[in-house]
Amino acid sequence: MDMTRADLSVRELLDLFKNGMLRANPEYQRGIVWTPSQSKKLIDSVMRSYPLPLIYLHHIKKEVSGMKREDLEIIDGQQRINALHQFAEGGYRLFHPVEDEEEARFPEFLKSQPCPWGGKDFHGLSDDLKTRFLDTKISVAYMTSPTDNEVRDLFVRLQAGLPLNAQETRDAWPGQFTDFILRLGGKPKIPRYPGHPFFQRVMGMKPSSDRGKTRQLSAQIAMLFFGRREGGPEFFSDINSPAIDDFYYTHIAFDASCPDATRFGAILDKLDALLGTGLHPKVRAHDAIHLALLVDTLWDEYTRDWEARLLSALDQFASSLVKAKASKDSTLPDEFWLRYGQWTRVNSDKGDRIRHRHEFYLEKMFQFLGPLQMKDPKRSFGPLEREVIYFRDGKRCAVCKAPVLWNEANVHHLRPHNDGGKTLLENGVLVHRHCHPKGNRLLEPIAVPAQEQTTQTQPLATGNPLLRTELTYTSQNCKATGRLTDKGFLLLNGSMIRKEQHDSTPANVVAIRKDAISNGLLRDEGDNYQLMRDHLFSSPSAAACFVSGNSRNGRDVWKDAQGRSLKQLEELGLG
Ligand SMILES: [Zn+2]
């Protein structure tokens, strides 16, 4: 097989494509069509002059009845060429690094750089940028071969077949993140990549024969670790294959000697030192993720007491999980199944499922590790306690009830510290930094009665006082609390829900309750259920029906602290 290399501009490549001289051979289709996000990121990397992978074309010369014809068939690069073509035709607009951050997931350093193409489609670009795009050079390899088979063999090797799976492709990606992961995960045939002993001794993985599995897991743990270091503990990205690809792509400028990278290595060193003796069951992949993140949280501010207790805490967690698995088909599965085990089954690489598991993992490990000593005994809560309280309180402020971002989160002593209040989980509640009672008010309890809240001047909250009023509904002996939001009715964590259902209970309520039990939103408390997290309903009536098991007019049954119904409050003009 012969190969010649050339650099074509995007303009030339698209001209070939538009003139039908660059053809897709259905046999070389991967079957995987790119998502819009992948296309947008490709163009973004063109605009940033990032190197693009080689495009492979099969150069076919035919002579039929004295007529000559040349064709180019795409062996590898179909999705990239489609993406370039559709963009040049005005088919989609590019990511704006800040406005589209949810979807684009660009790293911070990119968000602060100028991005004059952000949010624009091709026609919206300045002439300079259009030219930059069309003049970008793309490396192309032209393959010629007397037999089709050789080309097919190349295709198979390039795509999915023998040498290149997803991780092995990433191993060739430019930039230092690739090298960082090769060093951690190991590529034992290359002496400078022996791999970190954590994966081999503590987890029993075998990078020499697992075709990149160890490196992929190192990349997954590293992604979550760096994501949380950058975005705070609520930041859990997906870690499925496209997300890992994205991470490699967006971290092309990764600095393997940055403090966070050093810290990550040190955490794995510590885990290997503590657990590497093999006197424990192998740590499995899901658990390794949570373990590394837990140690990251413990690292700076607690004394090293936790080190001696880690092994036994892990054993307790693992054995509880085994027991819980046996209960999964019973009517009342164990919480280790409901809040952890079941989330390791399907879509376990989705960020929100990892977060679910991690909230539970922190809570339990905090318990199993026993009382933790802060290095510098202060009256403030430690990072692990803050994290547990943050998730336990559903990321909501105890003062204003609005959602709290991690960087504005404070923990307030319910019973004031000066008053003998302990720095314990039970005595801490989540508040906004700006809501945190200060100065003399430190002596006041935090639980501000609902009516006081509504009369306070509250410039931070929305103008509608009803949105801040805590409402209750008591059905039989079940007391539920909630409040209106501009998105619907929020039923608050701790609300009690009537267990009994009747023939008149609407079918959708039966279904929602069943679902809520299976995903841990409702906990069985014997006679009743308890709501374990805040939950948003479409209307006050929907929430009331969920609580009582019967159709209810929410505007009649939800009442404020003075017993006025929602309807009356609205009529009073409070709405
Ligand atoms: Zn607040």
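# Exercises on a predicted model

Helix α20 is hardly covered: of its 12 residues, one counts as buried. The model is predicted. Work through the tasks below.

## Exercise 1: Helix α20

Find how far α20 reaches and what follows the helix.

**Solution.**
Step 1. Locate the helix. α20 covers residues 507–518 and has 12 residues.
Step 2. Take the span from the first C-alpha to the last. It comes to 17 Å.
Step 3. Compare with the expected value. The expected span multiplies 1.5 Å by one less than the number of residues. For α20 this gives 16 Å, and the span is close to that.
Step 4. Look past the end. G520 follows α20, and its phi is positive, near 85°.

## Exercise 2: The five-stranded sheet

Work out the strand order of the open sheet, and explain why β1 and β2 each have one side without a neighbour.

**Solution.**
Step 1. Read the order across the sheet: β1-β5-β3-β4-β2. The pairing is mixed.
Step 2. Go to the edges. There stand β1 (2–9) and β2 (22–24). Each has a single partner strand, so one side of each lacks a neighbour in the sheet.
Step 3. Check the turn. On average, neighbouring strands of this sheet are turned by 35° against each other, direction ignored.
Step 4. Add the helix. α1 (residues 10–18) packs on the sheet and touches β1, β2, β4 and β5 (137–144). The direction of α1 makes about 110° with that of β1.
Step 5. Zoom in on one pair. β2 pairs with β4 (residues 67–76) in the parallel sense, over three bridges. Pick out L22: its bridge partner in β4 is L72.

## Exercise 3: Strand β6

Decide whether β6 is largely enclosed or open, then describe its pairing with β7.

**Solution.**
Step 1. Apply the cut-off. A residue is buried if 20 or more other C-beta atoms lie within 10 Å of its own.
Step 2. Count along the strand. β6 spans residues 409–413, and four of its five residues are buried, so the rest of the structure largely encloses β6.
Step 3. Find the partner. β6 and β7 (residues 428–432) run antiparallel and are joined by five bridges.
Step 4. Name one link. A409 has H432 in β7 as its bridge partner.

## Exercise 4: The whole protein

Describe the protein by its secondary structure, span, burial and contacts.

**Solution.**
Step 1. Count the elements: 23 helices and 14 strands.
Step 2. Give the span. Along its principal axes, the C-alpha trace covers about 95 × 60 × 55 Å.
Step 3. State the burial. Of the 575 residues, 35% are buried.
Step 4. Sort the contacts. Take those between residues at least 6 apart in sequence; 63% of them join residues at least 24 apart.

Technical notes:
Residues are numbered from 1 along each chain as its sequence is written. This is a predicted model: local features need pLDDT of at least 70, side-chain atom pairs count only at pLDDT 80 or more; totals for chains, interfaces and linings use all residues. Helices (H or I, at least four residues) and strands (E, at least two) are DSSP runs, numbered from the N terminus. Two residues are in contact if their C-beta atoms, placed from the backbone, lie within 7 Å. Two strands pair if DSSP finds at least two bridges between them. Axes are lines fitted to C-alpha atoms, for helices over the stretch in contact, and angles run from 0 to 180 degrees between N-to-C directions.
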